[in-house]
Amino acid sequence: MTMHAAPPRSRVRILVFEDHALFAESLELALTLEGYDVRRVPVPDHACAAGQVLAPASRWKPRIALVDLDLGKFGDGADLIEPLARSGVNVVVVTASTDHARWGECMQRGARKVISKNQPLNDILAVVRRLSQGLPVISHEEREELVRLWQERRLAQQVARARLATLTAREREILGGLIEGHPVRDIARRDFVSEATVRTQVKSILAKLGVSSQLAAAGLARSVGWQAPESKQ
């Protein structure tokens with residue numbers, strides 16, 4: 001079998017998608033000193049389509065991309081993973097998030113590895129070295145565990161949305177008030193009904209959502225990005 005040597009580092013192109021200037025500069029400097037051809041991608045200071053951010057990637061044809069998840073006003077860096085991976089780029093997510101279900105989502109979208117910003121810079125460089133040599137950077141078991149966590153999270157969110165959809169218009173108004181921090185007494189006064197009536201409606205909300213407290217109901221709604229109806233004036 002013919003063995004193919006890894007390409008010289010100077011021929012390995014790396015793009016960095018990172019809006020935190022100090023961290024981005026540290027990555028760029030360390031990778032450049034290692035001999036890689038590195039470019040930082042300017043992250044827009046406003047929300048826009050992923051294609052606008054990825055335009056440099058399509059022209060430059062990198063081998064590896066380091067992507068942060070929190071890209072400021074642009075939004076979610078996870079939206080960049082799939083199109084980059086589909087074009088043959090090895091995506092490494094470098095993030096401050098410690099949510100392993102979120103890491104699993106990144107793996108599901110096509111990332112080769114997710115690594116914490118809290119880890120030493122040398123750990124990130126080690127992942128880049130292995131990818132540049134065509135070597136694996138995560139075990140099958142670790143990847144499957146992360147993806148499993150994401151799938152469980154997604155299923156729980158689907159169940160939560162289905163339960164929220166069973167609320168009546170009146171119950172949605174009350175849940176919105178609870179999320180805003182209004183006690184039952186204030187909601188009753190606002191809507192010119194008795195506290196007992198509102199408490200009965202709150203019990204119905206809790207039963208439909210499968211939770212035991214108003215705090216849990218508000219947390220469940222927030223966890224899926226549920227939008228309350230506009231508050232009455």
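**A tour from helix H10 outward**

Begin by selecting helix H10, residues 214-223, where Ala 217, Ala 218, Leu 220 and Ala 221 are buried. These residues lie on the same side of H10, because they cover an arc of only 160° around its axis. An α-helix has 3.6 residues a turn, so residues three or four places apart point the same way. The model in the viewer is a predicted one.

Next, keep H10 selected and add its partners. The buried residues of H10 pack against three helices: H6 (140-164), H7 (169-179) and H9 (195-209). Then step past the end of H10 to Gly 225, which follows the helix and has a positive phi, near 70°.

Now move to Phe 23 and show Lys 117 with it. Lys 117 lies over the face of the Phe 23 ring, at 4.8 Å from the ring centre. A search for pairs between aromatic rings, with centres within 6.5 Å as the cut-off, gives a count of 0.

Finally, display the whole protein chain. Its secondary structure comprises 10 helices and 5 strands. The C-alpha trace spans about 80 × 40 × 30 Å along the principal axes. The radius of gyration is 23 Å, whereas a compact globule of 233 residues would have a value near 17 Å.

Colouring by burial shows 39% of the 233 residues as buried. With the surface switched on, the protein chain exposes about 12,900 Å², and carbon and sulfur atoms supply 52% of that area. For a contact map, consider residues at least 6 apart in sequence: 67% of their contacts join residues at least 24 apart.

Methods. Residues are numbered from 1 along each chain as its sequence is written. This is a predicted model: local features need pLDDT of at least 70, side-chain atom pairs count only at pLDDT 80 or more; totals for chains, interfaces and linings use all residues. Side-chain values use heavy atoms; hydrogens and water are left out. Rings of Phe, Tyr and Trp (its six-membered ring) pair if their centres lie within 6.5 Å; planes under 30 degrees apart count as stacked, over 60 as edge-to-face and the rest as tilted. A charge sits over a ring if NZ of Lys or CZ of Arg is within 6 Å of the ring centre and within 35 degrees of the ring normal. Helices (H or I, at least four residues) and strands (E, at least two) are DSSP runs, numbered from the N terminus. The radius of gyration is taken over C-alpha atoms; the globule rule is 2.2 Å times the number of residues to the power 0.38. Buried means under 20% relative accessible area, exposed over 50%, partly exposed in between (1.4 Å probe, protein chains only). Contact means heavy atoms within 4.5 Å. Accessible areas come from the Shrake-Rupley method with a 1.4 Å probe; for residues, only the protein chains shown count as cover. The arc is that of the directions from the helix axis to the C-beta atoms.
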